[in-house]
Amino acid sequence: MGVVPEQYRTPEPTPSASASSAPAPSVIPGTNLRAGKTPGTALGPTGVELRFVPADPDAAFECRPPTEAELAAVRHSSVGQTGKVAVVDIAEGWSAVAYFYTYAGGDGKTYRATNDGITDGGKSFQHVGPGWPGSHTYRGIALADGPKAVRTARLCLND
């Protein structure tokens, strides 16, 4: 086969706009959350739209002791023996929780670590971690004040 002259070549199709070429969702100001398509929503880490709870400019972010239900939820989900627990209220019954726990290592030594999570009044406990952006796909919520509350709860452990 020889080379086909330019005037006889079939033109390449022009790529059409697709989801991959759509602009990236914007970040909600003051958060690390991407805005959802629907007003009042944010995108979770899997791209699912979540109900968005905006920041409360009057939030105090003060530590308090856990309720019995919150303490039970933490102990149920802990990987070791739970020590000090600090709780900071976020919004709508949600709280940030930070706690120390100890566990036995394979070398026979006991180790101490810190864990973070959120709870809805102790009904459930979800681990989040110090870099949590504030959204939780499986709980269907994005809390603008969540990361600040988690950082505050971690600081309370050292008081």
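**Exercise 1.** In what order do the 5 strands of the open sheet with antiparallel pairing stand?

*Solution.* The model examined here is a predicted one. Begin with the inventory: the chain contains 2 helices and 10 strands, arranged along the sequence as β-β-β-β-α-β-β-β-β-β-β-α. The open sheet with antiparallel pairing has the order 4-5-6-7-8. At its edges are strand 4 and strand 8 (125-127), each of which pairs on one side only.

Next, trace the pairing from strand 4. Strand 4 and strand 5 run antiparallel and are joined by 2 bridges; Cys63 has Val88 of strand 5 as its bridge partner. Between strand 5 and strand 6 there are 8 bridges, again with antiparallel directions. Two facing positions can be located here: Ala91 is opposite Trp94 in strand 6, and Asp89 is opposite Ser95 in strand 6. The hairpin of these two strands has 2 residues between them, and in it Glu92 adopts a positive phi near 50°.

**Exercise 2.** Determine which strands of the sheet with mixed pairing stand at its edges, and explain what this leaves without a neighbour.

*Solution.* The order of this open sheet of 5 strands is 1-2-3-10-9, and its pairing is mixed. Strand 1 (34-35) and strand 9 (135-136) have a single partner strand each, so one side of each lacks a neighbour in the sheet. For strand 1, the partner can be inspected directly: 2 bridges connect strand 1 to strand 2 (residues 41-43), and the two run antiparallel. Within this pair, Arg34 faces Leu43 in strand 2.

**Exercise 3.** Check the length of helix 2 against expectation, and then establish which strands its buried residues pack against.

*Solution.* Helix 2 covers residues 146-157, which is 12 residues. At 1.5 Å a residue the helix should span 16 Å, and its end C-alpha atoms are 17 Å apart, so the two values agree.

The buried residues come next. Gly146, Pro147, Ala149, Val150, Thr152, Ala153, Cys156 and Leu157 are buried in helix 2. In an α-helix there are 3.6 residues a turn, so residues three or four places apart point the same way. The buried residues of helix 2 pack against strand 4 (63-64), strand 5 (81-91), strand 6 (94-104), strand 7 (110-120) and strand 10 (141-143).

Helix 1 may then be placed as well. Helix 1 (residues 68-77) lies across strand 4, strand 5, strand 6, strand 7 and strand 8, and runs at about 125° to strand 5. Helix 2 packs on the sheet too, touching strand 4, strand 5, strand 6 and strand 7, with its direction at about 145° to that of strand 5.

**Exercise 4.** Classify the aromatic pair of Tyr101 and Tyr103, and state whether each residue is buried or partly exposed.

*Solution.* There are 4 aromatic pairs in total. For Tyr101 and Tyr103, the ring centres are 5.8 Å apart and the planes make an angle of 35°, which is a tilted pair. Stacked pairs have planes under 30 degrees apart and edge-to-face pairs over 60.

Then consider accessibility. Tyr101 has a relative accessible area of 12% and is therefore buried; Tyr103, at 35%, is partly exposed. The cut-offs that decide this are under 20% for buried and over 50% for exposed.

Finally, widen the view. Both tyrosines belong to one aromatic cluster, formed by Tyr99, Tyr101, Tyr103, Tyr111 and Phe125. Another ring, that of Phe100, has the charged end of Arg112 over it, 3.7 Å from the ring centre.

Conventions: Residues are numbered from 1 along each chain as its sequence is written. This is a predicted model: local features need pLDDT of at least 70, side-chain atom pairs count only at pLDDT 80 or more; totals for chains, interfaces and linings use all residues. Side-chain values use heavy atoms; hydrogens and water are left out. Helices (H or I, at least four residues) and strands (E, at least two) are DSSP runs, numbered from the N terminus. The expected span of a helix is 1.5 Å times one less than its number of residues. Buried means under 20% relative accessible area, exposed over 50%, partly exposed in between (1.4 Å probe, protein chains only). Contact means heavy atoms within 4.5 Å. Two strands pair if DSSP finds at least two bridges between them. Axes are lines fitted to C-alpha atoms, for helices over the stretch in contact, and angles run from 0 to 180 degrees between N-to-C directions. Rings of Phe, Tyr and Trp (its six-membered ring) pair if their centres lie within 6.5 Å; planes under 30 degrees apart count as stacked, over 60 as edge-to-face and the rest as tilted. A charge sits over a ring if NZ of Lys or CZ of Arg is within 6 Å of the ring centre and within 35 degrees of the ring normal.
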